[in-house]
Amino acid sequence: EVYFKNLSKQKQKEVMEKNGNNHKLRVCVATCNRADYSKLAPIMFGIKAEPQFFELDVVVLGSHLIDDYGNTYRMIEQDDFDIHTRLHTIVRGEDEAAMVESVGLALVKLPDVLNRLKPDIMIVHGDRFDALALATSAALMNIRILHIEGGEVSGTIDDSIRHAITKLAHYHVCCTRSAEQHLIAMCEDHDRILLAGCPSYDKLLSAKNKDYMSIIRMWLGEDVKTRDYIVALQHPVTTDIKHSIKMFELTLDALISFNKRTLVLFPNVDAGDKEMVRVMRKKGIEHHPNFRAVKHVPFDQFIQLVAHAGCMIGNSSCGVREVGAFGTPVINLGTRQTGRETGENVLHVRDADTQDKILHALQLQFGKQYPCSKIYGDGNAVPRILKFLKSIDLKEPLQKKFCFPPVKDNISQDIDHILETQSALAVDLGGTNLRVAIVSMKGEIVKKYTQLNPKTYEDRLELILKMCVEAASEAVNVNCRILGVGISTGGRVNPREGIVLHSTKLIQEWSSVDLRTPISDALHLPVWVDNDGNCAALAERKFGHGKGIENFVTLITGTGIGGGIVHQHELIHGSSFCAAELGHIVVSLDGPECLCGSQGCIEAYASGIALQREAKKLHDEDLLLVEGMSMKKEEVVSAAHLIQAAKLGNTKADSILRTAGTALGLGVVNILHTMNPSLVILSGVLASHYVNAVKDVINRQALSSVKTVNVVVSNLADPALLGAASLVLDYTTRRIY
């Protein structure tokens, strides 16, 4: 709440011209249970913090008011919200008929409340039967409806209810790009859809720093350690109650066998919930020394419990949505969440005939730590929703309009609804400089930061984190949605684990370094790491000459020589992540010594370091400078001086460059005979000086069947940063769940 108060002070005082200068938007927020309140509360705090724009009325109904489910309306009062109306709408029963009767009872009671409140807009969340009653009442009484979390896909009757509410709602706030596409496909007006992210993530992503041990001990006992307990939350599946009860029995049997301290939460109010509670009691869960069975845990405390758990198990949407923000392992049981987008932390057990499959899943998942996932939000949902609410024109006709095919092209959201450009944080860890950039999906470098690369490991990692945090904060201001972080670095990298196994001599103290974990923990973003040569190849595949090419090779000609190989559209890493070390192809048995310790490598002939070495030799013998060249006394001899001398007619400098070009060409011929690519891309500062020499060597030395290969110079201005961004953009936009 303090955050939103401070935010409101910083905002420009917008004048609500469309709705009248003095009119405040009267918003009714109706909450039915503990789960939807966790999503609605951040919005309610935001509305309350801006009384100059909004009037808030809170209506509480459903399981909030039932003692068996913890009387959770009290947490709304504890959050200092005035509850305008309490409606007892749950008809007690154990079958589907009770759910229908509960909807009917809510429909009988709600009209009187809405007549008294006369809200301008009602905010409804999710896919519960209570929410369907709210949306139906508001729609029939000509009250505008804002639906939170529409467009998502899951199992059970929830899908049908969610989509029914979508058709009744006038405005939509969705959490993921897929959900937005689903709403558009359902003929909803694109201008009335906001891709904001999940409001609960605004609280989740700042939750891990709090004192969590006291919370863990309070709910699970004094002797429990972090990552050494399980949180279980399972609900009945209303379309197959009998099977879901059986699955719950097997889950409890597996948890008993697994023998870890477990917090079990009571299920939602649904057909079959009483039978699940009876199963718990039949198995003695409430009195078992390893179990704690509770009706409700306040959301702030629940966040801490799942963030530090060894595993979460069940079929709650919380497991596949919110828990991903912490990288906590999740076992999703049954079909209740089928179709949900999930992070890599979720392991699905679709069906189980015995406890063995669930027990095996526990053994696989328990205690792991996955990269943090931000599929469902980036922590900035509420400011977007508030701006969206302010943009609503109450003078517009109330009647909904549906956008039937052809569907409006959804390249980008209307700027008034502040849809950010999907982007990546790209990090280039060079020998001299450390660079961080915000890179858009189209390859545009929106913002770039450069610092000198510190010499020590600790200072280097600290600077990376600082620059990434700064860039991530700036991304909101430039309307960019950060999907993840990609890191390009020299040396040998294990991209599966995000570990630099050992780096080049240019970057000291950089061996067996886990880059993924600290950056992912700090930013709550997924992180990918790869070798700079591989990143250059990825940049070409996404933005450069390699786009649409099935087989090609990229060669970087700079301080060193590196590269990447793309075969059948996929990057090749090799069995020990050493593939495409193209600079260390040997082209002469008695050639100059390479930094790797071998002799005759391409890098020993054609790299910037090699050319600088030869330039120094010529300079020491007074054979470098020719007419038209000059050097200051303190100026360091470099490869650039050798190239300049060759252009001005220095035959010795020209001979060195021709030898370097021949060595590089021979290496390319070896690559052609090994991989048979259709394209070779020369990248880096020396590429333009080598391209003709490489083509000549191919014509002289290569087999006729590969001479048709196309050799080009890269047209990418910054392949290292673009390649690091490609690590993120390629993965996050092609992921299949």
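Here are legends for a handful of close-up views of this predicted model.

**View 1. The whole chain, to get your bearings.**
Before zooming in, take a look at the full chain, whose C-alpha trace spans about 95 × 65 × 50 Å along its principal axes. There are 24 helices and 26 strands to find your way around. Of the 737 residues, 57% count as buried. If you take the contacts between residues at least 6 apart in sequence, 69% of them join residues at least 24 apart.

**View 2. How the chain splits into domains.**
The chain is divided into four pieces: domain 1 (21–198 + 381–391), domain 2 (205–365), domain 3 (413–544) and domain 4 (545–715). Notice that domain 1 is written as two stretches of sequence, 21–198 and 381–391. For a sense of scale, the C-alpha centres of domain 2 and domain 3 lie 35 Å apart.

**View 3. The largest cavity.**
The structure holds six cavities of 30 Å³ or more, and the largest of them has about 460 Å³ of space in it. Which residues sit closest to its centre? They are Ala 35, Asp 36, Ser 316, Ser 317 and Cys 318, out of 31 residues that line this cavity. Four helices each give two or more residues to the lining: H2 (34–48), H6 (158–168), H12 (299–307) and H13 (317–320). Helix H2 provides the largest share, with five residues.

**View 4. What kind of wall the largest cavity has, and who builds it.**
Stay with the largest cavity and look at the character of its lining. How many residues of each class are there? The count is eight nonpolar, 11 polar and 12 charged. Domain 1 and domain 2 each supply at least three residues to this lining.

**View 5. The second largest cavity, between two domains.**
The second largest cavity contains about 100 Å³ of space. It is lined by 15 residues, and those nearest its centre are Ile 90, Val 91, Gly 93, Val 269 and Asp 273. Helix H4 (96–117) and helix H11 (273–282) are the elements that give two or more residues to the lining, with H4 making the largest share at three residues. Sorted by class, the lining of the second largest cavity has eight nonpolar, two polar and five charged residues. Where does this cavity lie relative to domain 1 and domain 2? Both domains give residues to its lining, so it lies between them.

**View 6. A cluster of one histidine and three cysteines.**
The UniProt record, an unreviewed entry, places the feature "binding site" at His 584, Cys 594, Cys 596 and Cys 601. These residues span 18 places in sequence, yet no two of their C-alpha atoms are more than 8.8 Å apart, so they gather at one spot.

**View 7. His 584 up close.**
Look for His 584 in the loop between strand S24 (570–571) and helix H19 (602–606). Its relative accessible area is 28%, which makes His 584 partly exposed. Setting aside neighbours within four places in sequence, His 584 is in contact with Cys 594, Cys 596, Cys 601 and Glu 603.

**View 8. Cys 596 up close.**
Cys 596 also belongs to the loop between S24 and H19. Is Cys 596 buried, exposed or partly exposed? With 45% relative accessibility, Cys 596 counts as partly exposed. Not counting residues up to four places away in sequence, Cys 596 touches His 584 and Cys 601.

Notes
Residues are numbered from 1 along each chain as its sequence is written. This is a predicted model: local features need pLDDT of at least 70, side-chain atom pairs count only at pLDDT 80 or more; totals for chains, interfaces and linings use all residues. Side-chain values use heavy atoms; hydrogens and water are left out. On a 1 Å grid over the protein atoms alone, a cavity is a set of points where a 1.4 Å probe fits but cannot get out, and a pocket is an open set with protein on both sides within 12 Å along at least five of seven lines; lining residues have an atom within 4 Å of a point. Grid points are joined across faces, edges and corners, and a volume is the space filled by probe spheres set on the points. Ala, Val, Leu, Ile, Met, Phe, Trp, Tyr, Cys and Pro count as nonpolar, Asp, Glu, Lys and Arg as charged, and the others, Gly among them, as polar. Domain bounds come from an automatic or database domain assignment. UniProt positions are given in the numbering used here, feature names are shortened, and annotations may be inferred rather than shown by experiment. Buried means under 20% relative accessible area, exposed over 50%, partly exposed in between (1.4 Å probe, protein chains only). Contact means heavy atoms within 4.5 Å.
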